Amino acid sequence: MNAEVLSMKTGAELALADAYAAAKARLPGDGKVAALREAAFKQFDAAGLPSWRVEQWHYTDLRGLLREARPLAGAPDAAAMARAKDAGRLVGDIDVQRIVFVDGAFAPELSDMDKLSPGLTIRPMGEALAAGDPLIAANLGKVVPAEREGVIALNTALMRDGVLIHVAKGATVEHPIHLVFAATGAKPSSVFTRSLVVIEQGARAMIVESHEATAAHQINTAIELVVGDNAHVDHIKITAGPDDLVHVASLMAAVGAHARLNDFTFNIGGGLVRNQLFVRFDGEGTVANLRGASLLKGKQHADTTLLADHKAKGCQSREMFASVLDGDSRGVFQGKIVVQPRAQQTDAKMMTRSLLLSETAEADSKPELEIFADDVQCGHGATAGALDEDLKFYLMARGIPETEAESLLVQAFIGEAVEGIEHAGLRDALMEQVVAWLRARGT
């Protein structure tokens, strides 16, 4: 006798299904967009939230950890807009093109849409979906198809707003484009944002995302980067928020020939944070630097999971992630480099380092290589340990107090990852956040 094993849906999964059923008629886009949503939701509905049984989610059991789903965020009220005015200060005083979203909705009154650089077009995603923008039809959901990832499928089904950015062939965007995502509603809610960035051949731009929240919101955000041949893109993502914030983010990038992608992920808050990166090397001779840093305390949990998929010859990838873990926090890193058969002469290296400031903090690292070519240079490494007592003694022996010595060592540890950011002002701003985190800790 054959017995079919059925998985009962959790309260969160049932709530998400109800939310989609109630909202889908009001979500922007019809025709192909509506069909894309429906197909994505069916995929999510069949698979459910990812659990520890899914290898890529083994250390972050979202199905078990997400006990309930918050209601979808409504239109921000005046109080929420007022709270959002100061969002985005994490990047300091650098000159940026500021685009603000409040509770997932584009806020034109808080954004700087005037005087865009030549060749730069920015359009709210909700407007682009509703209008059937040709860039949407050509690119949305094409980098990582939704059926491969349940969280992205859910994002595709419920995406409401975000941004569509297009940089024309050969154009250089003078100032960073700062996407400010502020979840400021007084009541905890669920927010689904989706962004698409298309950088044409030979163009150059820097995209900075900062995500801030003021309550126990549940954020599911995704951005797709389509990088043309010989283009240069810097992408920085910053996450901050309270200890009951759930933040799941997906970066999906397809990179053309002889292009360069510099990506940096910075976590300094949130109770449950998952950053997943999918980078596909479509053209020869491309370089990608994927870096990140996390500072965790209390019971915070941050997971960085990445896939670098080398599909073309002669590409180079460097992955370097650093975590500072205090209290009962847990840092997770899963990195996988795949070298396809035709990706000869690939040069790929991955490193993750964890610094444990308490005996109860936990670091889980799982770097992987999957190589189907024979003329390659690939390697990975992982370290975890406490502060170097010899170095601390060296500093203290020169008259530096113990707490200050510890602070200097942590700054140096994180600084190694942060120094890969090419923008000096942004680099300094992030290090100021590191100092503030240490000061709050008492070091």
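The following exchange introduces a predicted model through its two sheets, the helices packed on them and two buried residues.

Biologist: Which strands are the edge strands of the sheet formed by ten strands?

Modeller: In this predicted model, the ten strands form an open sheet with mixed pairing, in the order β2-β1-β5-β7-β9-β11-β13-β15-β17-β19. An edge strand here pairs on one side only. The edge strands are β2 (105–106) and β19 (377–385).

Biologist: Which residue in β17 stands opposite glutamate 319?

Modeller: Strand β15 covers residues 316–325 and strand β17 covers residues 347–356. These two strands pair in the parallel sense over ten bridges. Opposite glutamate 319, in β17, stands methionine 350.

Biologist: What angle does the direction of helix α9 make with that of β15?

Modeller: Helix α9, residues 402–418, packs on the sheet of ten strands. The strands that α9 touches are β11 (260–267), β13 (287–296), β15 and β17. With the direction of β15, that of helix α9 makes an angle of about 155 degrees.

Biologist: What angle does the direction of helix α10 make with that of β11?

Modeller: Helix α10, residues 424–441, also packs on this sheet. Its contacts there are with β7 (204–213), β9 (232–240), β11, β13 and β15. The direction of α10 and that of β11 make an angle of about 20 degrees.

Biologist: By how many degrees, on average, are neighbouring strands turned against each other in the sheet of nine strands?

Modeller: Nine strands form an open sheet of mixed pairing, in the order β3-β4-β6-β8-β10-β12-β14-β16-β18. Its edge strands, each pairing on one side only, are β3 (120–124) and β18 (362–371). With direction ignored, the average turn between neighbouring strands of this sheet is 5 degrees.

Biologist: Which strands of this sheet does helix α7 touch?

Modeller: Helix α7, residues 150–158, packs on the sheet of nine strands. Its direction makes about 95 degrees with that of β6. The strands touched by α7 are β6 (190–199), β8 (218–227), β10 (246–255) and β12 (272–281).

Biologist: How many of the ten residues of β16 are buried?

Modeller: Strand β16 (residues 330–339) pairs with β18 in the parallel sense over ten bridges. Strand β14 (residues 301–310) likewise pairs with β16 in the parallel sense over ten bridges. β16 is largely enclosed by the rest of the structure, because the number of its ten residues that are buried is eight.

Biologist: Which residue in β18 is the bridge partner of valine 338?

Modeller: Within the pairing of β16 with β18, isoleucine 337 stands opposite leucine 369 in β18. For valine 338, the bridge partner in β18 is glutamate 370.

Biologist: Is valine 227 buried or exposed?

Modeller: Valine 227 has its place in strand β8. Leaving aside neighbours within four places in sequence, its contacts are Ile199, Val233, Ala254, Val255, Gly256 and Ala259. The relative accessible area of valine 227 is 4%. Because buried means under 20% relative accessible area, valine 227 is buried.

Biologist: What is the relative accessible area of phenylalanine 41?

Modeller: Phenylalanine 41 lies in helix α2 (residues 32–47). Apart from neighbours within four places in sequence, phenylalanine 41 is in contact with Leu16, Ala17, Tyr20 and Ala157. Phenylalanine 41 is buried, and its relative accessible area is 9%.

Definitions and conventions: Residues numbered from 1 in each chain as written. Predicted model: local features only at pLDDT ≥ 70, side-chain atom pairs only at ≥ 80, totals over all residues. Heavy atoms only, no water. Pairing = 2+ DSSP bridges. Helix = DSSP H or I, 4+ residues; strand = E, 2+ residues; numbered from the N terminus. Contact = heavy atoms within 4.5 Å. Axes fitted to C-alpha atoms, helices over the stretch in contact; angles between N-to-C directions. Buried < 20%, exposed > 50% of the residue type's maximum accessible area, 1.4 Å probe, protein only.
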